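Trainee: I have a model open and would like to learn how to read it. Where should we begin?

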Amino acid sequence: MNKICELLNIKYPIVQGGMAWVADASLASAVSNAGALGLIAGGNAPKEIIKEEIRKCRELTDKPFGVNVMLLSPFVDDIIDLIIEEKIPVITTGAGNPAKYVDRLKEVGIKIIPVVPSIALARRMEKLGADAVIVEGTEAGGHIGELTTMVLTPQVVDAVNIPVIAAGGIADGRGIVATFALGASGVQIGTRFICSDECNVHENYKNMVLKSKDRDAIVTGRTTGHPVRTLKNKLSKEILNMEKEGQSTEEIDKRGIGSLRIATIEGDVNNGSFMAGQIASIIKDVKPCKEIIEEMVSQAKNIMPNIQL
Ligand SMILES: Cc1cc2nc3c(=O)[nH]c(=O)nc-3n(C[C@H](O)[C@H](O)[C@H](O)COP(=O)(O)O)c2cc1C
């Protein structure tokens with residue numbers, strides 16, 4: 001049996017990326033109902049909001065789902081308390097090192113799967129007791145590291161003994177097969193799920209992804225130390241110009257404040273931050289999560305009949 005399916009008690013070793021302002025109960029439950037692992041994104045939201053999403057998700061599915069904990073959130077301590085209170089079976093963590101919380105989570109049997117951008121961090125997470133790691137390549141949407149999925153996956157597979165989930169640049173069965181060939185035991189997918197029926201982002205967000213071309217997912221924030229991959233628009237071009245002009249990190253950060261909410265809720269195509277990965281331009285339709293997942297699995301099995309999916 002596939003190691004990730006066994007670990008998480010799911011049918012397919014496919015994890016839906018925790019996406020701040022995007023991954024709510026509707027998306028997470030649809031993915032879990034389809035046999036993969038749905039995640040509610042903690043983002044910077046306070047405990048009450050996430051508690052409500054967990055409640056809604058439990059109403060919509062009886063399958064396992066997890067929570068993505070953004071370690072830079074001002075509410076991270078509260079969110080960890082909530083996860084323990086609610087007996088969430090698995091968490092993924094982003095933007096840092098979850099060391100401080102590992103003992104408490106493990107004591108109650110909650111699985112911990114950190115997102116890592118490097119071999120060094122993957123090794124540290126294994127030592128800490130992580131159950132698996134998600135290696136996220138720079139192709140991904142959102143906050144990114146330097147290395148690509150293609151090079152990071154096999155190197156981390158060689159460096160650790162826990163299962164490795166590959167993320168960044170996967171939106172169909174070919175991507176799944178490629179990362180499994182590199183040694184991954186599962187995949188995490190973000191951008192593809194933005195274009196699903198159950199994803200509640202503004203229609204303009206989905207259309208931005210559908211219309212995007214191969215070089216449209218650009219990176220801002222390289223100079224400020226917080227690189228983010230978003231689709232090209234007025235905001236991202238303005239930020240890039242501010243960076244070229246050498247404007248201060250404060251000024252640049254100020255221009256971007258609240259811009260993910262402006263994209264997901266308001267659908268303001270000029271001033272929103274439309275985070276998406278380099279694979280965005282391969283996505284041509286919006287359909288139910290179940291169809292997205294079953295199509296990917298069947299494509300992968302056609303290419304590699306003995307793939308452990
Ligand atoms: C809109 C958006 C928001 C994201 N927010 C988060 C987040 O809050 N926490 C996190 O760990 N990863 C976040 N990510 C990364 C995803 O969880 C996932 O790893 C990534 O999207 C995978 O690459 P792909 O977009 O090429 O599929 C985000 C990605 C996107 C596109």
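Mentor: We will go through the domains, the salt bridges, the buried positions and the backbone angles. This is a predicted model, in which local features need pLDDT of at least 70 and side-chain atom pairs count only at pLDDT 80 or more, while totals for chains, interfaces and linings use all residues. Residues are numbered from 1 along each chain as its sequence is written, and side-chain values use heavy atoms, with hydrogens and water left out.

Trainee: Which domains does the assignment give?

Mentor: Domain bounds come from an automatic or database domain assignment. Here that assignment gives domain 1 (3–199 + 285–303) and domain 2 (213–275). Their C-alpha centres lie 24 Å apart. The contact (heavy atoms within 4.5 Å) takes 12 residues from domain 1 and 10 residues from domain 2.

Trainee: What is the area buried between domain 1 and domain 2?

Mentor: Buried area is the accessible area, with a 1.4 Å probe, that two parts lose on being put together, summed over both. For domain 1 and domain 2 the value is about 910 Å², and carbon and sulfur atoms give 62% of that area.

Trainee: How many salt bridges are counted between domain 1 and domain 2?

Mentor: Side chains of opposite charge can pair when their charged atoms come close. The rule for a salt bridge asks for a side-chain nitrogen of Lys or Arg within 4 Å of a carboxyl oxygen of Asp or Glu. Between domain 1 and domain 2 the count is 1 salt bridge. Glu146 and Arg222 form a salt bridge in which the closest N and O atoms are 3.8 Å apart.

Trainee: What is the count by this rule without the limit to that interface?

Mentor: The count comes to 19 salt bridges. One of them joins Lys47 and Glu85, with the closest N and O atoms 3.2 Å apart. This pair links distant parts of the chain, since Lys47 is in helix α3 (residues 47–60) and Glu85 in helix α4 (residues 76–85), 38 residues apart. Helices (H or I, at least four residues) and strands (E, at least two) are DSSP runs, numbered from the N terminus.

Trainee: What separates Arg55 and Glu59 in helix α3?

Mentor: Arg55 and Glu59 are separated by about one helical turn, because they are 4 residues apart in helix α3. The closest N and O atoms of their salt bridge are 2.7 Å apart. For accessibility, buried means under 20% relative accessible area, exposed over 50%, and partly exposed in between (1.4 Å probe, protein chains only). Arg55 is partly exposed at 42%, and Glu59 is exposed at 60%. There is also a network of salt bridges that links Arg192, Asp285, Lys287 and Glu295.

Trainee: Is Thr93 buried or exposed?

Mentor: Thr93 has 1% relative accessibility, so it counts as buried. Thr93 sits in strand β4 (residues 90–94). Leaving out residues up to four places away in sequence, Thr93 touches Asn68, Val69, Leu71, Pro98, Ile113, Pro114 and Val115.

Trainee: Which residues are buried in helix α13?

Mentor: In α13 (residues 259–266), Ser259, Leu260, Ile262, Ala263 and Thr264 are buried. Their cover includes α10 (203–211), α11 (234–244) and α12 (249–256). Just after α13, Gly267 takes a positive phi of about 65°.

Trainee: Where is Asn9 found?

Mentor: Asn9 lies in the loop between α1 (3–8) and β1 (14–16). Asn9 is not a glycine, yet has a positive phi of about 60°. With 61% relative accessibility, Asn9 counts as exposed.
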